Amino acid sequence: MKNHQQFLKEAVRLAQSNRADGGRPFGAVLTLNGIEVATGVNRIIQCNDPTAHAEMEAIRTASQTLKSPNLTGAVMYASGHPCPMCMAALIMSGISEVYYAFDNTDAEPYGFSSRHVYEKLNISLKAAPITLTRIDTGTNADQVYGS
């Protein structure tokens, strides 16, 4: 069975692959009971949909696969810290645990931070009703976001 770091490395690999294909550098893996249920990449550019974030795509796929919007017990692995929209979807779907590789400080130099959205909405990153755990995958931000 894969561990947290292995699932998160897969999310980072998806982000790198999506960037190489001309998309935005974000990937996500959703698991249930330690089994991969769905993946997603940021498809904003490909489909001109501002809600097509990697986490949202993984949630949509998992909900369809499992035939339920209730994803209680599922774990999300995201290459980047979830934005407020994705955070809301995670909470609404019942996901209470997220592992991520890069935070907003890492993403900011490349123009990919969602900190400004949190600030505009007056939402504190420290008050999230969800467990957020950052894990080092051995990949640096430049390898994912590029310069």
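## Exercises on a predicted model

Strand S1 (residues 27–32) runs antiparallel to S2, and six bridges join the two. Strands (E, at least two residues) and helices (H or I, at least four) are DSSP runs, numbered from the N terminus. This is a predicted model: local features need pLDDT of at least 70, side-chain atom pairs count only at pLDDT 80 or more, and totals for chains, interfaces and linings use all residues. Residues are numbered from 1 along each chain as its sequence is written, and side-chain values use heavy atoms, with hydrogens and water left out.

**Exercise 1.** Find the order of the five strands in the sheet, and say which strands stand at the edges.

*Solution.*
- Step 1. Use the pairing rule: two strands pair if DSSP finds at least two bridges between them.
- Step 2. Read the order. The open sheet runs S2-S1-S3-S4-S5, with mixed pairing.
- Step 3. Look for single partners. Strand S2 (35–41) and strand S5 (131–134) each have a single partner strand, so one side of each lacks a neighbour in the sheet.
- Step 4. Add the twist. It averages 20° from one strand to the next.

**Exercise 2.** Describe how helix H3 (residues 54–66) packs on the sheet, and list its buried residues.

*Solution.*
- Step 1. Find the contacts (heavy atoms within 4.5 Å). H3 touches S1, S2 and S3.
- Step 2. Take the angle. The direction of H3 makes about 135° with that of S2. Axes are lines fitted to C-alpha atoms, for helices over the stretch in contact, and angles run from 0 to 180 degrees between N-to-C directions.
- Step 3. List the buried residues (buried is under 20% relative accessible area, exposed over 50%, partly exposed in between; 1.4 Å probe, protein chains only). They are Ala54, Glu55, Met56, Glu57, Ala58, Ile59, Ala62 and Ser63.
- Step 4. Name the cover. It includes S1, S2, S3 and helix H4 (84–93).

**Exercise 3.** Place Ser79 in its strand, then decide whether Ser79 is buried or exposed.

*Solution.*
- Step 1. Ser79 sits in strand S3 (residues 74–80).
- Step 2. Its relative accessible area is 1%, so Ser79 is buried.
- Step 3. Skip neighbours within four places in sequence. The contacts of Ser79 then include Ala11, Phe26, Phe102 and Tyr145.

**Exercise 4.** Explain why Cys83 and Cys86 do not form a bond.

*Solution.*
- Step 1. A disulfide is a pair of cysteine sulfur atoms within 2.5 Å.
- Step 2. The sulfur of Cys83 lies 3.7 Å from that of Cys86, its closest cysteine sulfur, so the pair is too far apart for a bond.
- Step 3. The count of disulfides is zero.
- Step 4. Check burial. Cys83 is buried at 12% relative accessibility, and Cys86 is buried at 0%.
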